[in-house]
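Got your viewer open? Load the model below, and we'll walk through it stop by stop.

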Amino acid sequence: MRIAIAGAGNVGRSIAQELIDNGHQVMLIERQPRMLRPDRVPAAEWVLADACELASLEEANVAGCDVVVAATGDDKVNLVVSLLAKTEFAVPRVVARVNRAENEWLFTEQWGVDVAVSKPRVMAALVEEAVTVGDLVRLMTFRQGEANLVEITLPPTAPYVGQPIHAVPLPRDAALVAILRGKRVLVPSPDDPIEAGDELIFVCTAEVEDDVRAVILGTDSIERTRGAS
């Protein structure tokens with residue numbers, strides 16, 4: 001993929017290097033000359049420009065990008081970059097960094113954001129995912145389409161432990177996309193059994209999260225969770 005990243009600070013450079021290592025073409029757009037450090041990510045294309053200016057994005061051929069990442073340390077800039085990328089250049093995928101948690105509500109499809117990444121939310125999700133067994137943990141929200149990536153670690157008492165995936169009556173708008181078992185990542189197939197300790201990764205809408213929890217953990221799981229909290 002061809003990917004443009006607005007903001008060449010530590011976050012932008014780290015994302016760029018990771019994507020380059022995975023074989024993608026990356027362009028870093030930075031408006032401050034002192035932040036232009038091509039030696040830090042030599043395989044990237046570096047552009048000195050203001051990503052909030054339409055002419056700059058046109059010159060950088062953002063319309064030819066598969067993904068735009070708004071990764072600056074300023075939420076206002078990230079929102080403007082996202083909106084321009086989506087509305088003016090029809091970029092298929094826009095990912096935006098949320099710096100201040102109180103601004104997270106703004107990062108929606110109305111501002112052109114497909115995926116909003118808030119470091120506090122991601123950190124909280126990782127903590128929950130590491131320690132929570134027997135509850136649903138939301139790992140990420142995909143704003144476009146309002147779908148969520150969620151995880152459930154199966155306790156031994158889960159109703160479908162030992163049964164094949166095709167026997168699990170998942171609701172509409174929910175899909176099991178991966179099973180983490182020990183150090184393995186399994187692509188689910190209908191005849192695979194699920195086991196205690198499995199981490200089940202689902203994509204689902206927010207509206208059916210409680211239904212997924214009830215199916216996987218039992219109908220009384222919501223009451224147990226709320227009672228514990």
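Which residues in α5 are buried? Select the helix and you'll find E209, V212, R213, A214, V215, I216 and L217 buried, where buried means under 20% relative accessible area, exposed means over 50% and partly exposed is in between (1.4 Å probe, protein chains only). That makes 7 of the 9 residues of α5, so the helix is largely enclosed by the rest of the structure. Helices (H or I, at least four residues) and strands (E, at least two) are DSSP runs here, numbered from the N terminus.

Before moving on, a word on what you're looking at. This is a predicted model, with local features needing pLDDT of at least 70 and side-chain atom pairs counting only at pLDDT 80 or more, while totals for chains, interfaces and linings use all residues. Residues are numbered from 1 along each chain as its sequence is written, and side-chain values use heavy atoms, with hydrogens and water left out.

**Zoom out**

Show the whole protein: 6 helices and 11 strands. Of its 229 residues, 46% are buried. Switch on contacts (heavy atoms within 4.5 Å), and among those with a separation of 6 or more, 55% come from residues 24 or more positions apart. Turn on the surface and about 11900 Å² is exposed, 54% of it supplied by carbon and sulfur atoms; accessible areas come from the Shrake-Rupley method with a 1.4 Å probe, and for residues only the protein chains shown count as cover.

**Back to α5, and its charged partners**

Side chains of opposite charge can pair when their charged atoms come close. A salt bridge here is a side-chain nitrogen of Lys or Arg within 4 Å of a carboxyl oxygen of Asp or Glu, and the whole structure holds 9 of them.

Select R138 and E209: their side chains form a salt bridge, 2.9 Å from N to O. R138 sits in strand β7 (residues 136–142) and E209 in helix α5 (residues 209–217), so this pair ties together parts that are 71 residues apart in sequence. E209 is buried at 9% relative accessible area, whereas R138 is partly exposed at 34%.

Now add D135, D210 and R213, which are linked in a network of salt bridges. Step just past the end of α5 and you reach G218, with a positive phi of about 110 degrees.

**Two more salt bridges**

Pick E195 and R181, whose closest N and O atoms are 3.6 Å apart in a salt bridge. E195 lies in the loop between β10 (184–186) and β11 (199–205), R181 lies in strand β9 (residues 174–181), and the two are 14 residues apart. E195 is partly exposed, with a relative accessible area of 37%.

Then try R100 and E102, which meet at 2.7 Å, N to O. E102 is partly exposed, at 45% relative accessibility.

**Last stop: β4**

How is strand β4 (residues 67–70) covered on its faces? V67 and V69 on one side, and V68 and A70 on the other, are all buried. In a regular strand the side chains alternate between the two faces of the sheet.

Next, bring up the neighbours; strands pair here if DSSP finds at least two bridges between them. Strand β1 (residues 2–6) pairs with β4 in the parallel sense over 4 bridges, with I3 opposite V67. Strand β5 (residues 93–98) also runs parallel to β4, joined by 4 bridges, and V94 in β5 stands opposite V68. Trace the chain from β4 through helix α3 (residues 75–87) to β5: this β-α-β crossover is right-handed, meaning that with the strands pointing away from the viewer, the path from the first strand over the helix to the second runs clockwise.
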